[in-house]
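Here is a set of short questions and answers for a first look. Keep the sequence and the 3D view open as you read.

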Amino acid sequence: MGANYPVFLEQAQLPCSPCPGMEQKSRLGWRVLLPTLCLLPRVEFVQLASEEADVVNLGQGFPDFSPPEFAVEAFQHAVSGDFMLNQYTKAFGYPPLTKILASFFGKLLGQEIDPLKNVLVTVGAYGALFTAFQALVDEGDEVIIIEPFFDCYEPMTLMAGGRPVFVSLKPSPTQKGEPDSSSNWQLDPTELASKFTSRTKAFILNTPNNPLGKVFSKEELELVASLCQQHDVVCISDEVYQWMVFDGFQHISIASLPGMWEHTLTIGSAGKTFSVTGWKVGWVLGPDSLMKHLRTVHQNSIYHCATQGQAAVAQSFEREQLHFGRPSSYFVQLPQYIQRCRDHMIQSLQSMGFRPVIPQGSYFLITDISDFKNKMPDLPGAADEPYDRRFVKWMIKNKGLVAIPVSIFFSLPHQKFFDHYIRFCFVKDESTLRAMDQKLQKWKAELTP
């Protein structure tokens, strides 16, 4: 079981400076840092956006269009139907939901999944991640995190007493004039293997990746699987964007590879699956040998998730199971629509001089701002503040466009190498994308002599 023990400053660098009152001195004379972390940097840019009038928010990862009708109707039915859905359900998940999750994903993973032993329903995928870290990571354990990474992985590791160990995806050179692609960003196999030690407890995989949009190939997953099995390491696989894959790429769950079910926790999200991020229903799938520890943490913290939301998700999955693989499936229709949004955004950004990295999946793309950095290097901000953060603040205030700086998705030592990228969310309504077009065209006109 993970515990909120102090973290020695020598073990890892925190995402921010210690807050007042965080530092204490232990009996051994070590300066230690209590596990009180500052707000994620991403939150700062969301707050900045809310302070400005007439901005187009392309920073936060949520759809601003309606969920599918069947999901809305399922939620309405859950609220207005059986009055007992206003009460507690089973602590580890509403039985119809755990049953359909076991059935649906059992086929995809090639496993006989027991709804009682192999499924846990959580408060969103975020809750699933937190529960997994607290359950499995102990003081001093090492957790390997691929950069760029969803920014909660590092603080969740630290809060459990673990030590983050980073390995970076690095872009391969492209031909002049050829657009970059997230598939060009690769792990170095030798470097990756060197990160595994006798202290490694967990490996964090996110595919499709946020913020890059990379969909890991079968060969890349097989390399990770081999190392996890060789070193008896748990793979925590964050697969919330699994249905949002484009250009003929295929999402593969690492738990489906030979020998990996027993080494993997697979995390999913109803918010991303059905475009209902406010419902906050997530889940973890895995072997009972791991899940029993997650159940202990869940039972002694959250204990129970909202029954009506779970009922609505269960009904939505039951509908999708009937339509799966057909043109009528939401899991077919959603990526088709999102790919059109992605292509719209790419074309608009390119017209303004941005150089997008074309994603194969997820809600997001990153774009290279090196040309802007060369033309206007001295934007307002602190001297040591990464350029992408200063650029985003300037763009929000002066151009009315909200993005997220990509350097925040890297460890502190590596941020300076990736401060020429920013992240946009393209899972937006057509009206939002048209508003983006107007902002970009106005910006372009201002640059025309």
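Q: How many helices and strands does the secondary structure of the protein come to?
A: The model is a predicted one. Its elements are counted over the protein. The tally is 14 helices and 19 strands.

Q: What radius of gyration does the protein have, against that of a compact globule with 449 residues?
A: For 449 residues, a compact globule would come out near 22 Å. The protein agrees with that figure. Its C-alpha atoms fill a box of roughly 65 × 60 × 40 Å along the principal axes. The radius of gyration of the protein is 22 Å.

Q: Which residues does UniProt list for "domain: Aminotransferase class I/classII large"?
A: The listing comes from an unreviewed UniProt entry. Over this stretch the chain is 38% helix and 17% strand. Its end C-alpha atoms are 14 Å apart. The listed residues are 54-434.

Q: Why is strand S12 described as largely enclosed by the rest of the structure?
A: Strand S12 covers residues 234-238. Val234, Ile236 and Asp238 point one way, while Cys235 and Ser237 point the other way. In a regular strand, side chains alternate between the two faces of the sheet. S12 is largely enclosed because the number of its five residues that are buried is five.

Q: Which strand pairs with S12 over five bridges, and which over four?
A: Both pairings are parallel. In one, alanine 202 has valine 234 of S12 as its bridge partner. In the other, cysteine 235 is matched with threonine 264. The five bridges go to S11 (residues 200-206), and the four go to S13 (residues 264-269).

Q: Which helix joins S11 and S12 in a β-α-β unit?
A: The unit runs from S11 over a helix to S12 and is right-handed. Its two strands also pair in the parallel sense. The helix is H7, residues 218-231.

Q: Is serine 362 buried or exposed?
A: Serine 362 is found in the loop between S15 (355-358) and S16 (364-368). Its relative accessibility is 0%. The cut-off for burial is under 20%. So serine 362 counts as buried.

Q: Which backbone nitrogen does the side chain of serine 362 reach?
A: Serine 362 touches several residues farther off in sequence, including Pro208, Tyr241 and Phe426. Its side chain also reaches a backbone nitrogen at 3.0 Å. That nitrogen belongs to phenylalanine 364.

Q: What share of the 449 residues of the protein count as buried?
A: S12 is one buried part, with five of five residues. Serine 362 is buried too. Over the 449 residues, the share is 55%.

Notes. Residues numbered from 1 in each chain as written. Predicted model: local features only at pLDDT ≥ 70, side-chain atom pairs only at ≥ 80, totals over all residues. Heavy atoms only, no water. Buried < 20%, exposed > 50% of the residue type's maximum accessible area, 1.4 Å probe, protein only. Pairing = 2+ DSSP bridges. Right-handed = clockwise from strand over helix to strand, strands pointing away. Polar contact = N/O pair within 3.5 Å; in protein donor to acceptor, adjacent residues only side chain to side chain. Contact = heavy atoms within 4.5 Å. UniProt positions renumbered as here; feature names shortened; annotations may be inferred. Rg over C-alpha atoms; globule rule 2.2 N^0.38 Å. Lists of a residue's contacts leave out its neighbours within four places in sequence.
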